[in-house]
Amino acid sequence: MTTNLSLDELTNQALLDQFGDLVQQDHHHTADLLQHIDAIDQRQLWAQRGHPSMFDLCVSRYHMSESTAGKRIGAARTARRFPILFEMVARGEIHLSGVHRLKAHLTPENHEQVLAQAKHKTIREIDELVARLAPRPDVPSTLRKLPQPSQSLRAAPQLTAVPLGAPQPTTVQPVAPAPAPSSVPVPRPSPEPEPLAPGRYKLQVTLSADARGQLKQLQDLLVHQLPSRDPAAIVERALGVLLSQVLRKKAGITDKPRARKLTINHEKRATPAALRREVWRRDEARCAFVGEDGHRCNETRGLEFAHLEPWGKGGKHSAGNLALRCPAHNAFEADRDYGASHMAD
Ligand SMILES: [Zn+2]
């Protein structure tokens, strides 16, 4: 699609509409590309044109990155087995990263149901789906000193915080329908705990010497309650303690809120704990900003209590005038209320 209008001249709606069109075209192009890769692969044109593999053809002749080529070839070969994937990709119902995660777990029997569940899912949600399809056992807790990687990095003990005494995980090897070139490992960019099985996650962390000492102290102190001394059990308890501490400070949430009569000092900037508690619960611990088209933000990171009518402009501390906001929407509203120049100060 070409347009003579520069993007700066478009209205907000037209810019978003045009973007939506481009995304849709991108899905169609991707599905087209997969079908071409499949056809070229079937005819083995890569061999005829002097390449050792389809992967090499894509990378050295068509200058795709290794990861792009790997994902596309893998998806094309998976779609050959399950042609419904060509349509799903064209409609934007599944991304190639999702296909990459799922391909080893699709069978003629389960693929319709699994792909229906994978529709419009994020990579993280697809990882959860994979953990249900192919549960892996808990990995054992380990504590070991890491090798010194370089002079600038101090070696620290490494802790894998999962239950002790569990069997070693079996590595799930993707069942590739064709030779290896497509199985280029895709790095996990996120430090999120990895789903192993329903309700079970693997977390791997590196500790400082101080934290390692604290862990040991806790293992010693709690030995009667936790005879296994399992670091995973300590981490689980520590998380609970830290979370209630943070929630108490942030949102005024306690087991026993004081039954004191609420007096609100509107002169003070600080929002009373009882109000924070009420707003936190009402907004369900998520950003409550609603966009022009009715889409609610729902971000859970970095939440702040924001005054709808700004406190600095006489807005009151009241549940009706308070809402949870993520950093982006806090800044967006402050910008709207005070102007960008104020924020830059
Ligand atoms: Zn938000």
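Is Cys297 buried, partly exposed or exposed? I looked up its relative accessibility and read 24%, so I put Cys297 down as partly exposed. I note here that the model is predicted.

**Entry 1: the chain as a whole**

I started with the overall counts. The protein chain has 13 helices and seven strands. It runs to 345 residues, and 33% of them count as buried. I then checked how far the contacts reach along the sequence. Among contacts with a separation of 6 or more, 59% join residues 24 or more positions apart.

**Entry 2: the zinc ion**

Which residues hold the zinc ion? I found four protein donors: Cys287 through SG, Cys297 through SG, Cys326 through SG and His329 through ND1. They lie 2.0 to 2.3 Å from the ion. I wrote down their spacing in sequence as C-x9-C-x28-C-x2-H. Cys287 and Cys297 are 10 residues apart, and both sit in the loop between α11 (273-282) and β6 (304-307).

What is the arrangement of the donor atoms? I read angles of 100 to 117° around the zinc ion, so the arrangement is tetrahedral. All of these fall between 85 and 135 degrees, the range that four tetrahedral donors must keep to. For comparison, the ideal angle for four tetrahedral donors is 109.5 degrees.

I went back to accessibility for two of the donors. Cys287 has a relative accessible area of 0%, so I list it as buried. Cys297, at 24%, is partly exposed. The cut-off for buried is under 20%, which is why Cys297 misses it.

**Entry 3: two other residues of the α11–β6 loop**

I stayed in this loop and looked at Thr300, which lies between α11 and β6. Its relative accessibility is 51%, so Thr300 counts as exposed. The cut-off for exposed is over 50%. Leaving out residues up to four places away in sequence, Thr300 touches Ala285 and Arg286. I also took one C-alpha to C-alpha distance: Thr300 and Leu324 are 9.5 Å apart in space and 24 residues apart in sequence.

Glu284 is in the loop between α11 and β6 too. Its phi is positive, about 55°, although Glu284 is not a glycine. I read a relative accessible area of 48%, so Glu284 is partly exposed.

**Entry 4: another positive phi**

I noted Arg229 next. Its phi is near 55°, a positive value in a residue other than glycine. Arg229 lies in the loop between α9 (209-221) and α10 (231-251). At a relative accessible area of 29%, Arg229 is partly exposed.

**Entry 5: helix α4 and its partners**

I turned to helix packing. Two packed helices are described by the angle between their axes and the distance between the axes.

At what angle do α1 and α4 cross? Helix α1 (residues 12-42) and helix α4 (residues 66-81) cross at roughly 80°, and their axes come within 9 Å. I therefore call α1 and α4 roughly perpendicular to each other. On the α1 side the contact includes Leu33, Leu34 and Ile37. On the α4 side I picked out several residues, among them Arg72, Ile73 and Ala75.

Helix α3 (residues 54-61) packs on α4 as well, at an angle of about 140° with the axes 9 Å apart. That makes α3 oblique to α4. The crossing of α3 and α4 is right-handed. Met54, Phe55, Cys58 and Val59 of α3 meet Glu66, Ala69, Gly70, Ile73 and Arg77 of α4. I see Ile73 and Arg77 listed in the contact with α1 and in the contact with α3.

**Entry 6: helices α7 and α8**

Helix α7 (residues 111-118) and helix α8 (residues 123-133) have axes that come within 10 Å and cross at roughly 150°. I therefore list α7 and α8 as roughly antiparallel to each other. The cut-off for that is over 145 degrees. The crossing is right-handed. From α7, Val114, Gln117 and Ala118 make the contact; from α8, Ile126, Leu129, Arg132 and Leu133 do.

My last look was at Glu128, which lies in helix α8. Its relative accessible area is 29%, so Glu128 is partly exposed. What does Glu128 touch, not counting residues up to four places away in sequence? I found Pro195 and Tyr201. Glu128 and Ala197 are 69 residues apart in sequence, yet 7.8 Å apart in space, C-alpha to C-alpha.

Notes
Residues are numbered from 1 along each chain as its sequence is written. This is a predicted model: local features need pLDDT of at least 70, side-chain atom pairs count only at pLDDT 80 or more; totals for chains, interfaces and linings use all residues. Side-chain values use heavy atoms; hydrogens and water are left out. Donors are N, O and S atoms within 2.8 Å of the metal (3.2 Å for Na, K and Ca); water is not among the atoms, so sites may look incomplete. Four donors count as tetrahedral if all angles lie between 85 and 135 degrees; four count as square planar and six as octahedral if opposite donors are over 155 degrees apart and all others between 65 and 115; anything else is irregular. Helices (H or I, at least four residues) and strands (E, at least two) are DSSP runs, numbered from the N terminus. Buried means under 20% relative accessible area, exposed over 50%, partly exposed in between (1.4 Å probe, protein chains only). Axes are lines fitted to C-alpha atoms, for helices over the stretch in contact, and angles run from 0 to 180 degrees between N-to-C directions. Angles under 35 degrees count as roughly parallel, over 145 as roughly antiparallel, 65 to 115 as roughly perpendicular and the rest as oblique. A crossing is left-handed if the near helix is turned anticlockwise from the far one by less than a right angle, and right-handed if clockwise. Contact means heavy atoms within 4.5 Å.
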